[in-house]
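Visitor: I am new to this structure. Please take one part of it and look at that part closely, then show me how it fits into the rest.

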Amino acid sequence: MNVFEIREPGSITGLRPATRETPVPGPGQVVVEMKAASLNFRDLLILKGQYPNLRLPVIPLSDGAGTVIATGPGVSRVRAGDRVAGIFNQNWIDGPPPRRALALGGDRDGVLSEQLLLPEEGVVKIPPALSFEEAATLPCAAVTAWNALFVSGHLRPGQTVLILGTGGVSLFALQFAKMAGARVIVTSSSDSKLEKAARLGADEGINYRTRPEWDKEVLARTDGEGVDHTVEVGGAGTLSRSLACTRPGGHVAVIGVLSGGQAEIPVFPLLSKQLRLQGIYVGSRAHFEAMLGAIVQNGLHPVIDRVLPFEEAPEAFRAMEQGNFTGKICLRF
Ligand SMILES: NC(=O)c1ccc[n+]([C@@H]2O[C@H](COP(=O)([O-])OP(=O)(O)OC[C@H]3O[C@@H](n4cnc5c(N)ncnc54)[C@H](OP(=O)(O)O)[C@@H]3O)[C@@H](O)[C@H]2O)c1
């Protein structure tokens, strides 16, 4: 079967076509014929060799969906013909996070592969309302946004949520926050992307290029109080501003490293405002399944910027690197 693999990370040319033996399911395992996959910023970091504890060679990408084509002895959760998506962390089914993550496309081989062998516990069934491409956007970005807002954040209607940028996690956070009746402020480098965010329901937009002190603008738009929740995907370059414009007692979901992973934390504002910082690392299968229920009930559809064929995976990575997209970049097998 055809796959893409990374042997020598460093640049996009490190992503190479390769072949692997067709998988045969053992006890409790299933084989999924992949139909679609989607990219996350993490996948770009892995390809560039900027992700910790890389195991090489690796088949990249954590997020994909397809059809079960074979099941091993004792499999009872799914059967041949079921439409499924893999869960990001194959070790996290429910409850608190496990000591060791086993994430697809990093700790173990991922979904950029025509067929994928997974334990039956490591998949969720996808609802008929979602296409394979839509389902393929969910395992990392959407579950992360869900965990940040509803599990860690306990978001309530009427609260205000700050969302940084218009990438994958951020647009899911926007859609979920609006679904829950929150007021949403979005930042972006681009006015046209802010217009797209407004069409998705964003109440306010701030261009962080033309307003580099965007935290002050957020404070101005919240009567000097700050937001209830910040979906912090920026990391080093944004964290201190995010802390500055989150209200006393507010919640900052620490998710991303878009502008670097080593941030200085201003301790006094943190303690005097009694902020709650919560690190988020995607979520469990139980989070994924709860989220699917909400997506179906609310008729929500992921924002897909473009779909490229499997063979053009390097092109999809290039598009992500250039940043000229909103929402998700997908591949179709
Ligand atoms: N901890 C976890 O569980 C978890 C899960 C998923 C992702 N992440 C992390 O979260 C971050 C986002 O991931 P993603 O896959 O959603 O990324 P993505 O889709 O590649 O998002 C890229 C977008 O982020 C925005 N951005 C870039 N630099 C920014 C900055 N300095 N300030 C504000 N926005 C900025 C830009 O939006 P505009 O073009 O609108 O400016 C850009 O288009 C990454 O660091 C990723 O590693 C973590």
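Guide: What follows starts with one strand and works outward.

This is a predicted model: local features need pLDDT of at least 70, side-chain atom pairs count only at pLDDT 80 or more, and totals for chains, interfaces and linings use all residues. Residues are numbered from 1 along each chain as its sequence is written.

The part is strand β11, residues 227–232. Helices (H or I, at least four residues) and strands (E, at least two) are DSSP runs, numbered from the N terminus. Is β11 mostly covered or open? It is mostly covered: 6 of its 6 residues are buried. A residue is buried if 20 or more other C-beta atoms lie within 10 Å of its own, exposed if 12 or fewer, and partly exposed in between; C-beta atoms are placed from the backbone.

Now the partners of β11. Two strands pair if DSSP finds at least two bridges between them. Strand β8, residues 160–164, pairs with β11 in the parallel sense over 3 bridges. Strand β12, residues 246–254, also runs parallel to β11, and 5 bridges join them. One residue links to both. T230 of β11 is the bridge partner of L162, and V252 in β12 is the bridge partner of T230.

The path from β11 to β12 includes a helix. β11, helix α7 (residues 239–244) and β12 make a right-handed β-α-β unit. Right-handed has a set sense here: with the strands pointing away from the viewer, the path from the first strand over the helix to the second runs clockwise.

Next, look at V231. Contact means that the C-beta atoms of two residues, placed from the backbone, lie within 7 Å. Leaving aside neighbours within four places in sequence, V231 is in contact with A145, A148, V161, L162, I163, L164, S170, A173, A253 and I255.

V231 also belongs to the largest nonpolar core, which has 94 residues. Such a core is a set of buried Ala, Val, Leu, Ile, Met, Phe, Trp, Tyr and Cys residues joined through C-beta atoms within 7 Å. Those with the most contacts inside this one are A145, V161, A173 and V231. Helix α3, residues 138–152, gives the largest share, 9 residues. Domain 1 (2–137 + 302–332) and domain 2 (142–279) both give residues to this core, so it lies between them. In soluble globular proteins, nonpolar side chains tend to be buried together.

Those domain bounds come from an automatic or database domain assignment. The C-alpha centres of domain 1 and domain 2 lie 28 Å apart. Across the boundary, 9 residues of domain 1 are in contact with 10 residues of domain 2.

Step back to the whole chain. The protein chain has 10 helices and 15 strands. Buried residues make up 48% of its 333 residues. Among contacts between residues at least 6 apart in sequence, 67% join residues at least 24 apart. The C-alpha trace spans about 60 × 40 × 35 Å along its principal axes. For 333 residues, a compact globule would have a radius of gyration near 20 Å, and the chain agrees, with 20 Å. That radius is taken over C-alpha atoms; the globule rule is 2.2 Å times the number of residues to the power 0.38.

One last stop lies outside the strand. V282 sits in the loop between β13 (276–279) and α9 (285–297). V282 has a positive phi of about 55° although it is not a glycine. V282 is buried, with 27 other C-beta atoms within 10 Å.
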